[in-house]
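Let's take a quick tour of the aromatic rings in this protein. Here it is, so have a look before reading on.

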Amino acid sequence: MTEHQKLKPLVIERSKNPRCFKGAKYLEVNHDFNKKSWMTSEIYEKWVQKLDKLMIAECHKIALLFDNFPAHPKEMNQKLKNVTVFYVPPNTTSKLQPMNQGAIKNFKIHYRKCEKTALENNQSMPKINLQEGISEISKAWNYDVTDRTIRNSFAKAGFFVSNENSASTEDEGDIPLEEL
């Protein structure tokens, strides 16, 4: 929300070490796996704990807002130091979850550009492998979903940084999490 940083997307797929990653020194996304390519509480906890370590290293404190999906265990805050997790009430995700207010839609539109272009040219649906898909995900997230889109999504969900705090603090990291 405060444009401090944009995290890499998390891609969950079936293979622990896909062949297309062989020899890759860097991935443009965070990667995890399970047999059904689904988010699980184990993947969620591992991702949030990794994020907490990153925030500790960068000396930042952040708040994360999640829906009440069963794979998002509620007891996470006890294990975290620089990340505080909040959960929206049941059946309110479509209105209160900031990313649902435009950022996810914007991401999907840009990610699916290559499919749309092929269909408009009367070509068959393009077949892309995992590496190409990850490249498109990264491009859509890093370049097409702008900071402004994310800021507007938070604003539409009712999240604002008050002018008092913005003017009185040099670093947005000094704003109490409750006020954010």
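Start with a little group of rings: Tyr44, Phe66 and Tyr87 are linked into a cluster by ring pairs. Keep in mind that this is a predicted model. Searching the whole structure turns up five aromatic pairs, and two of them are described below.

**The Tyr44 and Phe66 pair**
- Tyr44 and Phe66 meet edge-to-face, with 5.0 Å centre to centre and 80 degrees between the planes.
- Tyr44 belongs to helix 1 (residues 41-57) while Phe66 belongs to strand 3 (residues 62-66), so this pair ties together parts that sit 22 residues apart in sequence.
- Buried or exposed, what are Tyr44 and Phe66? Both Tyr44 and Phe66 are buried.

**The Phe154 and Phe159 pair**
- Here the ring centres of Phe154 and Phe159 are 5.9 Å apart and the planes are at 80 degrees, so this pair is edge-to-face, because planes over 60 degrees apart count that way.
- Phe154 has a relative accessible area of 16%, so Phe154 is buried; the cut-off for that is under 20%.
- Phe159 comes in at 24% relative accessibility, so Phe159 counts as partly exposed.

**Lysines over rings**
- Back at the cluster, Tyr87 has company: Lys74 lies over the face of the Tyr87 ring, 4.4 Å from the ring centre.
- Which lysine lies over the face of Trp141? That's Lys6, at 4.9 Å from the ring centre of Trp141.

How values were computed
Residues numbered from 1 in each chain as written. Predicted model: local features only at pLDDT ≥ 70, side-chain atom pairs only at ≥ 80, totals over all residues. Heavy atoms only, no water. Phe/Tyr/Trp six-rings, centres within 6.5 Å; stacked < 30°, edge-to-face > 60°. Helix = DSSP H or I, 4+ residues; strand = E, 2+ residues; numbered from the N terminus. Buried < 20%, exposed > 50% of the residue type's maximum accessible area, 1.4 Å probe, protein only. Lys NZ or Arg CZ within 6 Å of the ring centre and 35° of its normal.
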